[in-house]
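This briefing covers aromatic pairs, charges over rings, a helix and its cover, and a pocket. Please keep the sequence and the 3D view open while reading.

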Amino acid sequence: MSTTLEQLRQFTTIVADTGDFNVLKAFAPQDGTTNPSHILNAAKKPQYNAIIKDAAAYGKSQSHNTEEQVEHAVVRLLVGFGCEILKCIPGRVSTEVDANHSFNKDKTIKMAREIIKLYEGFGIERERILIKIASTWEGFQACRVLEAEGIHCNMTLLFSPVQAKIAGEVGATLISPFVGRSMDWYQKNVPGKDYSGVKDPGVKLVTDIFNYYNAHGIKTEIMAASLRNIDECVHLAGISHMTINVQLLEELRTADYAVRRRLVPQEVPAINETVELYGYNEARFRFDLFNDHMASDKISESLRIFLKDGAELKQILRAALDA
């Protein structure tokens with residue numbers, strides 16, 4: 001029998017969730033993605049000093065103001081890692097907008113455009129880039145503008161069908177619902193229940209979004225994220241993408257659990273009824289998301305982690321600028 005990873009590849013595009021492009025060659029994923037924590041961990045390694053120096057030089061070339069230099073250096077650093085990742089994969093890479101802009105539509109758009117401009121300056125077409133944006137109200141409004149410009153977006157920090165619904169409305173290319181972090185909340189706040197298999201709250205979240213999208217003909221791709229174990233991967237076989245960390249990729253590569261396709265678009269009946277859209281109704285979106293207790297908690301918690309790691313990354317860049 002082929003390995004569990006090889007079986008999964010038959011039904012799902014495998015995406016490596018790492019900022020260390022040197023490990024990509026071992027797993028041959030189709031796509032790559034990173035987050036501030038991955039980039040921070042990679043930036044601390046001496047073999048990536050050249051990327052840090054290039055980022056600092058770019059920052060200095062863009063402004064005489066130190067804080068503006070840091071902002072531009074962050075963009076150049078992200079693109080630098082993205083370019084190296086793209087050398088190792090045939091598909092797309094997701095590059096994340098600074099978490100500080102999660103509630104600022106205009107700054108999100110500005111940084112996304114700078115990211116794309118830099119990639120194109122290195123000869124990389126925008127079709128290979130996904131701009132990773134937090135799934136806030138402001139993030140979705142930025143996504144609406146960027147997708148209209150042909151800049152493709154990956155909406156991250158997604159924990160609720162509410163967020164998935166508006167992502168489809170604004171034309172997001174891809175969403176990244178968080179499986180493992182959803183499970184974390186239920187194990188902490190509603191302990192003692194059987195959360196195995198399809199009862200896993202994260203698996204259920206992704207499955208419900210998959211069914212909603214296919215029932216309503218929504219083309220937005222779904223990439224299951226923050227996967228923690230083989231069981232979650234097996235029960236989501238058939239989702240369009242899975243972004244998997246290196247440790248779990250290794251486990252999947254050495255396991256021989258049988259995999260069958262669990263999510264099949266053709267098995268989801270179409271729904272012709274009219275759905276009430278969020279449109280530009282910010283109040284209703286915020287109210288509905290607020291009423292999803294798990295999502296409200298986990299968005300805040302996860303965003304604070306990204307903000308903390310982003311701040312540490314900027315300190316590394318400030319040191320490089322001073323040097």
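Does Tyr-186 count as buried, partly exposed or exposed, and at what relative accessibility? Tyr-186 counts as partly exposed, at 26% relative accessibility; the buried class ends at 20% and the exposed class begins over 50%. The model is predicted, and every value below is computed from it.

**Aromatic pairs**

- A search of the whole structure turns up eight aromatic pairs.
- One of them joins Phe-140 and Phe-285: the ring centres are 5.9 Å apart and the planes stand at 80 degrees, so this pair is edge-to-face.
- Phe-140 belongs to helix H7 (residues 137-148) and Phe-285 to helix H13 (residues 282-290), so their pair ties together parts that are 145 residues apart in sequence.
- Both partners are buried: Phe-140 has a relative accessible area of 0%, and Phe-285 has one of 1%.
- Tyr-186 and Tyr-195 also form an edge-to-face pair, because their planes are at 65 degrees, with the ring centres 6.3 Å apart; the angle cut-off for this class is over 60 degrees.
- Within that tyrosine pair, Tyr-195 is buried, with a relative accessible area of 13%, whereas Tyr-186 is partly exposed.
- Phe-140 and Phe-285 are also members of a cluster, linked by ring pairs, that includes Trp-137 and Tyr-278.

**Charges over rings**

- Tyr-278, a member of the ring cluster, has the charged end of Lys-165 over its ring, 5.0 Å from the centre.
- Arg-144 lies over the face of Tyr-280, with a distance of 4.2 Å to the ring centre.

**Helix H9 and its cover**

- Helix H9 spans residues 179-189, and its buried residues are Val-179, Gly-180, Arg-181, Ser-182, Met-183 and Trp-185.
- Two strands are among the elements that cover these buried residues, S6 (174-177) and S7 (221-224).
- The cover also includes helices H10 (201-215), H11 (230-235) and H14 (293-322).

**Largest pocket**

- The largest pocket holds about 290 Å³ of space.
- Its lining consists of 19 residues; those nearest the centre are Asp-17, Asn-35, His-38, Arg-181 and Ser-226.
- Sorted by class, the lining of this pocket comprises nine polar, five charged and five nonpolar residues.
- Arg-181 is thus listed twice here: among the buried residues of H9 and among the lining residues nearest the centre of the largest pocket.

Technical notes: Residues numbered from 1 in each chain as written. Predicted model: local features only at pLDDT ≥ 70, side-chain atom pairs only at ≥ 80, totals over all residues. Heavy atoms only, no water. Phe/Tyr/Trp six-rings, centres within 6.5 Å; stacked < 30°, edge-to-face > 60°. Helix = DSSP H or I, 4+ residues; strand = E, 2+ residues; numbered from the N terminus. Buried < 20%, exposed > 50% of the residue type's maximum accessible area, 1.4 Å probe, protein only. Lys NZ or Arg CZ within 6 Å of the ring centre and 35° of its normal. Contact = heavy atoms within 4.5 Å. 1 Å grid on protein atoms, 1.4 Å probe; cavity = no way out; pocket = protein on both sides within 12 Å on 5 of 7 lines; lining within 4 Å. Points joined across faces, edges and corners; volume = space filled by probe spheres on them. Nonpolar A, V, L, I, M, F, W, Y, C, P; charged D, E, K, R; others polar.
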